[in-house]
Every structure is written in C-alpha cells, then in structure tokens.
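Colleague: I am new to this structure and would be grateful for a close look at a single part of it. Please choose one helix and describe its two sides, what it packs against and the loops associated with it.

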Amino acid sequence: MKPRVKTGISGVDKMLDGGIPAGNQVILAGGPGTGKTLMCFEFLYKGAKEGNSGVFISLEEDAENLIENVKSAFPSFTDIDKLIKEKKLVIFGASDTGVYVRRDADSSSYTFGKLVTEIESIISSAHASRVALDSVSVMRLLIKDTLEYRNMTMNLVSALRRSSVTTLVTSELEIAEKSRLLFLPEFFLYDGIIVMYAGGAADTESRTLSLEVVKMRGSSHSFSTAPYEITPEGINVLFLAERG
Ligand SMILES: Nc1ncnc2c1ncn2[C@@H]1O[C@H](COP(=O)(O)OP(=O)(O)OP(=O)(O)O)[C@@H](O)[C@H]1O
Ligand SMILES: [Mg+2]
C-alpha cells in the first residue's frame, strides 16, 4: 500500500482507508460555504502539528483575513500563530503571490503560468510536503477556452507532482446538489476528487452538508456519502463503518 498522508480529519481518513496516498493531487469541489477553505486549513494545521510543513496559497483573500476567519471558526486551533512562527504553516494570501488576477483576457494564460512557477518556488523554499491551493475557480473564470484551461491545469498538476507534495486544490461548484452534479473536464486530471455537497431533502428547509470521495488513485476508498458538520474543534465527518 502507498504511504498515506493523514488529513487529520478522522472521518475523511477512514473514508480514504488511512489517508490521501502520498503525492496525490486532489481536487476538493463544493458549493459556496460548504467548508472548502476550512477543510484545506485543517489538513495543513493537523499536518503541521505532526511536524509536516504545509503551504496555504489563497487566490481569494489576504493571509490576515484567512487566519482571522479560521481562528473564529476553529477556536480550538490554538497553535496557529506558533506554527506560523515556526514556519510549519506558511500562508500566502492573494496579494502576496504577486499574481494579480486581472480582467485582461490576453494575459490570463501568462498569469496562470506565472502562478505555477511561483507555487513551485514557494513550495521549495518552505520545504513543504502539504499544499492547499484555494481556489482555482478564479483562473477558470479568466481562461474562457476549455482546452487552454485544461492544458494550464495539466501544467499545474505536473508542477505539484514534481514538487512531491500532497495537495488539496479547491474549486467552486455552481451546483452542489448530488443529483444535479456536473464535473468540470479538468477534474479528471487530478489523482483524486472529493465533493462537498450542500443539500437536504427538497421538502425541508434545513441545509445538510455531506461529503463523497468520488475518486482517489492508489486507494480503496469508501463509496459512501458521509454527512459532516463544521464544529469549533474542526470538521467532523460522520463516517462510521462501510456498508456491507
Ligand atoms: N466563526 C464561525 N462559526 C461557525 N461556523 C462558521 C464560522 N466560520 C465559518 N463557519 C462555517 O463555515 C462555512 C464557511 O467555510 P469556508 O469558508 O471554508 O467555506 P468555503 O466552501 O470555502 O466557502 P467559499 O465558497 O465562500 O469559498 C460557513 O458557511 C459556516 O457554515
Ligand atoms: Mg473558500
């Protein structure tokens, strides 16, 4: 069995038969507010606590903002500042990466290419083994041509593979209901796909969150869809045992 990188979210690790196979590049797709950013952060935080350095690259918000949001959502993550100080957690916000995503369509491939180069150098200087990239959706908006976007994604995934890191890349899904789900063509380039659904019975008002490992290369993973909740102690995935 391939060595596993534990996400530190116990339900997810159980669903993955121990964790993410080391070196896998995984897309974490879900609707707005389903906890994509928080899950990525928890993956890095739990890793850092075990001594594994992680880099969080946000293309959406500034580092201070991100840290503030995570602290408010996960008050029991009391070591964030310490781990940042020790450089076990390295956080790059949207204004640190030097990539200012512009509306200029002609420069979008260039921007993406530059981002990939920058990510490689950030990973190498941080000696990171875990990476979170949150989110690629903004790049997808910039690059209208599907084939071109697929090629750029291939470059990104190859660069991450060369860096030998285990990565969660988030992507927004416009439709996050299981019954109406549509996968984006570039998802197939990743080693794994985890989907975070927001839904619930049509006749109820309440929103329920659930998570599914759609694919994971190198792992005999669960095919169940497990409910989860965002708690002050972290993301709690309610996965007990595999159905027989
Ligand atoms: N301080 C908090 N207290 C309680 N719940 C919170 C808190 N902060 C966030 N949450 C929960 O976490 C969710 C947001 O998580 P997160 O930002 O990770 O989602 P996301 O999928 O990344 O969203 P987006 O699509 O906006 O990027 C909120 O919708 C809420 O349910
Ligand atoms: Mg987010």
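Modeller: A word on naming comes first: helices are DSSP runs of H or I with at least four residues, strands are DSSP runs of E with at least two, and the numbering starts from the N terminus. In these terms, S164 falls in the loop between α7 and β7, the latter being residues 166-172. The model is a predicted one.

The part I have chosen is helix α5, which comprises residues 108-126. Its length can be checked by simple reasoning: at 1.5 Å a residue, its 19 residues should span 27 Å, and because the C-alpha atoms at its two ends are 27 Å apart, the expectation agrees with the model.

Let us turn to the sides of this helix. S108, F112, L115, I119 and I123 are the buried residues of α5. They cover an arc of only 65° around the axis, and therefore lie on the same side of α5. The face turned away from that buried side carries the exposed residues Y110, T117, S121, S124 and S125.

L115, which belongs to helix α5, serves to illustrate the buried side. A residue is buried if 20 or more other C-beta atoms lie within 10 Å of its own; L115 has 23 such neighbours inside 10 Å and therefore counts as buried. Although 41 residues separate L115 from L156 in sequence, their C-alpha atoms are 8.7 Å apart in space.

As to packing, the buried residues of α5 are set against two strands, β4 (54-58) and β6 (130-134), and two helices, α6 (137-142) and α7 (146-162).

The loops complete the picture. Just after α5 comes H127, with a positive phi of about 50°, although H127 is not a glycine. H127 sits in the loop between α5 and β6, and it counts as exposed because it has 11 C-beta neighbours inside 10 Å. In the loop between β6 and α6 one finds S135, which is joined to D134 by a cis peptide bond with an omega of about -15°. S164, in the loop between α7 and β7, has a positive phi of about 55° and is likewise not a glycine. S164 is exposed, with 11 other C-beta atoms within 10 Å.

Notes
Residues are numbered from 1 along each chain as its sequence is written. Chains are lettered from A and ligands numbered from 1 in the order in which they are written. This is a predicted model: local features need pLDDT of at least 70, side-chain atom pairs count only at pLDDT 80 or more; totals for chains, interfaces and linings use all residues. The expected span of a helix is 1.5 Å times one less than its number of residues. A residue is buried if 20 or more other C-beta atoms lie within 10 Å of its own, exposed if 12 or fewer, and partly exposed in between; C-beta atoms are placed from the backbone. The arc is that of the directions from the helix axis to the C-beta atoms. Two residues are in contact if their C-beta atoms, placed from the backbone, lie within 7 Å.
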